2 protein chains.
Amino acid sequence: MISIDEAQSRILERTWTKGAVRVPTSRAVGAALAAGVASDVDSPPHDKSLLDGYAIVSADVRGGAVELRVIAEIAAGVVPQCEVRSGSAAQIMTGAPLPRGADAVVMLEHTTRLEYPDAPRIRVDVDRVAAGDGIMRRGTSIQRGTCVLNAGHVVRPIDVGLLCEVGHTQVDVTGPVHVAVLATGNELVPAEQIPGAGMIRNSNGPMLRALARDLLCQVTDLGICGDEIGALQRSIRRGLGNDVLLLSGGVSAGVLDLVPKVLEDLGVERVFHKVHLKPGKPLWFGVCHAGSSRTLVFGLPGNPVGCLVCFELFVGPALRKLRGLGTVTPAIRSATLADGYCHRSDRPTYVPAVASHLEDHRLVAVPLAWAGSADQRAVGAANCLVLFPAGERVFAAGDQVPLLLLGPIPPAG
Amino acid sequence: MISIDEAQSRILERTWTKGAVRVPTSRAVGAALAAGVASDVDSPPHDKSLLDGYAIVSADVRGGAVELRVIAEIAAGVVPQCEVRSGSAAQIMTGAPLPRGADAVVMLEHTTRLEYPDAPRIRVDVDRVAAGDGIMRRGTSIQRGTCVLNAGHVVRPIDVGLLCEVGHTQVDVTGPVHVAVLATGNELVPAEQIPGAGMIRNSNGPMLRALARDLLCQVTDLGICGDEIGALQRSIRRGLGNDVLLLSGGVSAGVLDLVPKVLEDLGVERVFHKVHLKPGKPLWFGVCHAGSSRTLVFGLPGNPVGCLVCFELFVGPALRKLRGLGTVTPAIRSATLADGYCHRSDRPTYVPAVASHLEDHRLVAVPLAWAGSADQRAVGAANCLVLFPAGERVFAAGDQVPLLLLGPIPPAG
């Protein structure tokens, strides 16, 4: 049996990163840019006004109230035809191009409008205006050709505006990753049904699909397959065209645990079977090569908490690497145990727990009452998994333990 | 001009929470449950084996190797017909129902299979088996009727398995929230086009749509509208059927800043105009009542960074409240400035910055070079906004500042 770290390494060694695909920027959120993005424009594209006010010659304002003749009104979106000379001013709106001759904009609130019979004039009510005041020069923010977001950057909603400003309504991102999900076991009925005697609903299939979709994968549902070699072969073959095939169940030591044998018969090369871990020990992992394409195949435990733990520790990192993300293994944080805890297990054990923030953003954790790998209820109440080492040990309140986050952490209180 | 806190309060006072809608559980991820979810089954539904092994009468094993006759083989998904009595055992698979008479399961690895001519037998190789070993009693994890997830719980991918196990392939969630987005300004061209002289691309529209979609809202794109009263009236009317209407541009002091007037002419009740904030001062907020339905109307600044800051501070909280989420205002963290920083402004100012984690998970922040509200490039490089107070002040390295997160924080390196 190999360790958690060794299993992660063997999986990631065999995981590639997908090529680039062009998508509308609006659908690129969450994806990694496959190439840097360069601007096709200067920003701003012209010397522009930062204010609603008057474009003037700054040298005209030198102490005392100066009066200027208003020669034009310039809105955003027009090309000013006028030229501002000493003694004149052009009314200008925020964002509008600066007219020739002007070298500053004085804000509306610092002027008084004077209506003369012949032409409107303003009085400037401040003592001094410096060249450059109230204006932003062409290209101050971005110069044409500049790279504004690097390859590997994961597109956030807030980046969509910048990408559109610089002319990229489509971008090249890494992906997509195709994942197929197959639940196995004679005892399973579709989650929509009421299970008969001895039966349970298929919950791993929907959970695995939700986890993979949350990591922005394209998911194919292969449904449920009973513990029968021919049927398993047919279902598994359908999954081998994907980047990743996730199976649940059929990987333990039981008479009907046929999944490893069927996978190996279909030419899936076994990399390892069983990990020194609780829950999640029965994990099977292999790779199927078909021409130039490969499929990573995970035989996950049928017990739902073991299935979840294996997804978090092993499948998630592979999916993130396929998607070109920089950090692929889950973040392990350190937390303080709120109370004492007795732990005994022959393997490192992930126990569902509730973590909350102390005021200084350190974490405190409370392991939940938990009946083991089949007890999915504890998962609904948990926001993390606390890792206890193999062996028997009494932990005291205040001891530090590593934890793996499963969801948002509330503030303590 | 009102403060940021006052503006948030006035908005949230006027924001309701949407009713319930039934959705497939696979599409409920991210949504708040509108009602608690009760189980329609016991879990496990029967006394079940936790192991691959043999179901036995525990009293048969009392020191020394005991031999037992194997009377049946029980797989998961079947109802056992046999009864285990003293001296006999039934082979059983993980998850399978315990047969009558048996009160423990001994694991396969703790037995030796003996093939006799008449019938298979096993030898139990451990000294003691306690009643209850290797089995999980019916209802240990969940009893029928128990609430497994409370109203208000935000569904995570890891909850989908639990929801399916307890018979909820559909759930009632709060929402959906309908948001319409309209960009205004004569200077705007669609982001797909190359802007002519004096023009810029519409970047606020796509950014606002991405931000609202990221908060799982249903978004309608109303496109771009020029600064013309009739056209604005028509476009705005189309938006008033939604829960929220987001406008960008046209809310400053310019001659063509027509949005507040058009909104009020259309019967949108003004709640406030302008916030003591930089960037984002021109924000206009109002409510439109039409029969029993209401629309929250945000007139956001046209400058992209002001538009973003107003979304984060004011629109996001309203959308989260509409969606029934527990925490609606953005988390404000405290960070240490990495270097000295000179700040001067007449208003509290949010400056794009890069935050990273120290090893103890405290945050350190570096404000970015930034040319102000129109400089969207800094947003692409930032993962947070640092808040500096109004006034003039020289901050020293090590000073604490509040910050608002915009994206994931990398570990310090």
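I began with the two faces of strand E6(B) and found both covered, since on one side Ser88(B), Ala90(B) and Ile92(B) are buried, and on the other Ala89(B) and Gln91(B) are buried as well. The model is a predicted one, and I read the entries below with that in mind.

I then took the strand as a whole: E6 of chain B spans residues 88–92, and five of its five residues are buried, so I note it as largely enclosed by the rest of the structure.

Next I looked up the strands that pair with E6(B). Strand E4 of chain B, residues 53–56, runs antiparallel to E6(B) and is joined to it by three bridges; in this pairing I located Gly53(B) opposite Ile92(B). Strand E5 of chain B, residues 66–74, pairs with E6(B) in the parallel sense, over five bridges, and here I traced Val70(B) to its bridge partner Ala89(B).

I turned afterwards to the contact between the chains, to which chain B gives 75 residues and chain A gives 75 residues. On the side of chain B that touches chain A, the elements giving two or more residues are strands E11 (147–149) and E15 (200–201), together with helices H2 (159–165), H3 (204–214), H6 (304–322) and H7 (377–381), each of chain B. H3(B) supplies the largest share of that side, with seven residues. Sorting the residues of the side of chain B that touches chain A by character, I recorded 39 as nonpolar, 23 as polar and 13 as charged.

Notes: Residues numbered from 1 in each chain as written. Chains lettered and ligands numbered in written order. Predicted model: local features only at pLDDT ≥ 70, side-chain atom pairs only at ≥ 80, totals over all residues. Buried ≥ 20, exposed ≤ 12 C-beta atoms within 10 Å, placed from the backbone. Helix = DSSP H or I, 4+ residues; strand = E, 2+ residues; numbered from the N terminus. Pairing = 2+ DSSP bridges. Contact = placed C-beta atoms within 7 Å. Nonpolar A, V, L, I, M, F, W, Y, C, P; charged D, E, K, R; others polar.
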